[in-house]
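Subject: Structure handover

Hello,

Here is the structure I promised to pass on to you. My notes on it follow below, and I hope they make a useful start for your own look.

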Amino acid sequence: MKKLLTGVFLLFFIFQAIGQVDTVEVYSKVMDKTLKAAVVFPDGYKEAMHNFPVVYLLHGGSGRFSDWHNKTTDPNLLIDLVNQYQVLIVTPGVGPSSYYFDSPQMDSVQYESYLTKELIPFIDGKYKTISDRKSRAITGLSMGGHGAMMLSAKNPELFIAAGSMSGVMNIDTRLWTVNPEFASQRRQDQAKMLGEIQYDSPFSQYTAVGLVDKMKSNGIALLIDCGVDDFLIATNRQIHQLLLENGIPHEYTERPGAHTWEYWSDALPFHMLFISREFKKNLQ
């Protein structure tokens, strides 16, 4: 285990050394704490005379800002993608099982405000970004898929495209294929953050399926994919059906796979291709 941890640290250090990844600390005034994020930029970024589109890539429920750097099956995946598409990728860190909410109950869980009002302005101020929704997108895995769908639906002025990989499209644990103890713990965590909410239709605004009306009117390009063996597949099928019923354009894919880094490592290139097409389409 010690050798493994040393290898992971060394890998991240090498990325830092070649100048393609910055680790930044961002103070959140709204939560009075400092959070980490990593920024990946392409070869030639420092010499470039132009600005770049930005993709925000979110981690899962028990994850960290460094997950997308350390856990993919290809350790060069993010580097290769920023070079291929000439974008910046930002991987923020948030609290465990926080779903990127602004909690009405807990001052320490205000991650929607942090991402939209603090982190994005920080990144736009520090880096060569195109500070416009037409050149900004968001996607993520599991809890991060929920975050991407929720944040984009509620803040359409910030994003042109949003994606979800194995996302928690409904926080109602009755739809998750998990053991009862895990489901109960997640429900308790949600109650601490949200209080009593409506889990059945009409759904709460704190869950992705409860934001379909907003998705109908905001014009954001949507990509949702999930493995057929994923414990969250029912929630993904549910939002897919709701989007169809409401006539909301979106791309939806089910592929072989489960809730694993193998699946997400394969999924991310498809998300980047989708996002890149939206960037090009809207900048013409």
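A salt bridge here is a side-chain nitrogen of Lys or Arg within 4 Å of a carboxyl oxygen of Asp or Glu. With that cut-off, a search of the whole structure turns up 10 salt bridges. Please keep in mind that this is a predicted model.

Let me start with those charged pairs. Glutamate 112 bridges to lysine 154, with 3.0 Å between the closest N and O atoms. Because glutamate 112 sits in helix α4 (residues 111-126) and lysine 154 in helix α5 (residues 143-154), the pair ties together parts that are 42 residues apart in sequence. The two partners differ in burial: glutamate 112 is buried, at a relative accessible area of 9%, while lysine 154 is partly exposed, at 31%.

Helix α4 also supplies aspartate 124. Its side chain meets that of arginine 136 in a salt bridge (2.9 Å, N to O). Arginine 136 belongs to strand β5 (residues 136-140), so this pair ties helix α4 to a part of the chain 12 residues away in sequence. Both aspartate 124 and arginine 136 are buried.

A further bridge joins glutamate 254 and arginine 237, whose closest N and O atoms are 2.8 Å apart. Here strand β8 is linked to helix α8, the two residues being 17 apart. Glutamate 254 is partly exposed, with a relative accessible area of 31%, and arginine 237 is partly exposed as well, at 41%. Finally, Asp172, Arg174, Arg187 and Asp200 are linked in a network of salt bridges.

Now for the sheet. Its 8 strands form an open sheet with mixed pairing, in the order β1-β2-β4-β3-β5-β6-β7-β8. The edges are β1 (21-28) and β8, each of which pairs on one side only. From one strand to the next, the twist averages 20°. At one end, β1 and β2 run antiparallel and are joined by 8 bridges, with valine 21 opposite valine 40 in β2. Two helices that pack on the sheet are worth a look. Helix α5 touches β3, β5, β6 (161-165) and β7, and its direction makes about 145° with that of β5. Helix α9 (residues 261-283) touches β3, β4 (88-92), β5, β6, β7 and β8, at about 165° to the direction of β7.

Strands β7 (residues 221-227) and β8 (residues 251-255) pair in the parallel sense over 5 bridges, and glycine 227 stands opposite arginine 255 in β8. Together with helix α8 (residues 233-245), these strands make a right-handed β-α-β unit.

What about the nonpolar side chains? The largest nonpolar core has 63 residues, of which Tyr56, Leu119, Met215 and Ile239 touch the most other members. Apart from it lies another core of 31 residues, including Leu57, Ile79, Leu81 and Ala137. Beyond its neighbours within four places in sequence, leucine 119 is in contact with Val26, Ala37, Tyr56, Val90, Pro92 and Tyr114.

One last residue: is tyrosine 45, in the loop between β2 (33-40) and β3 (54-58), buried or exposed? Its relative accessibility is 7%, so tyrosine 45 counts as buried. Leaving aside neighbours within four places in sequence, tyrosine 45 is in contact with Phe52, Leu88, Tyr127 and Lys128.

Happy exploring, and best wishes

Technical notes:
Residues are numbered from 1 along each chain as its sequence is written. This is a predicted model: local features need pLDDT of at least 70, side-chain atom pairs count only at pLDDT 80 or more; totals for chains, interfaces and linings use all residues. Side-chain values use heavy atoms; hydrogens and water are left out. A nonpolar core is a set of buried Ala, Val, Leu, Ile, Met, Phe, Trp, Tyr and Cys residues joined through side-chain atoms within 4.5 Å. Buried means under 20% relative accessible area, exposed over 50%, partly exposed in between (1.4 Å probe, protein chains only). Contact means heavy atoms within 4.5 Å. Two strands pair if DSSP finds at least two bridges between them. Helices (H or I, at least four residues) and strands (E, at least two) are DSSP runs, numbered from the N terminus. A crossover is right-handed if, with the strands pointing away from the viewer, the path from the first strand over the helix to the second runs clockwise. Axes are lines fitted to C-alpha atoms, for helices over the stretch in contact, and angles run from 0 to 180 degrees between N-to-C directions.
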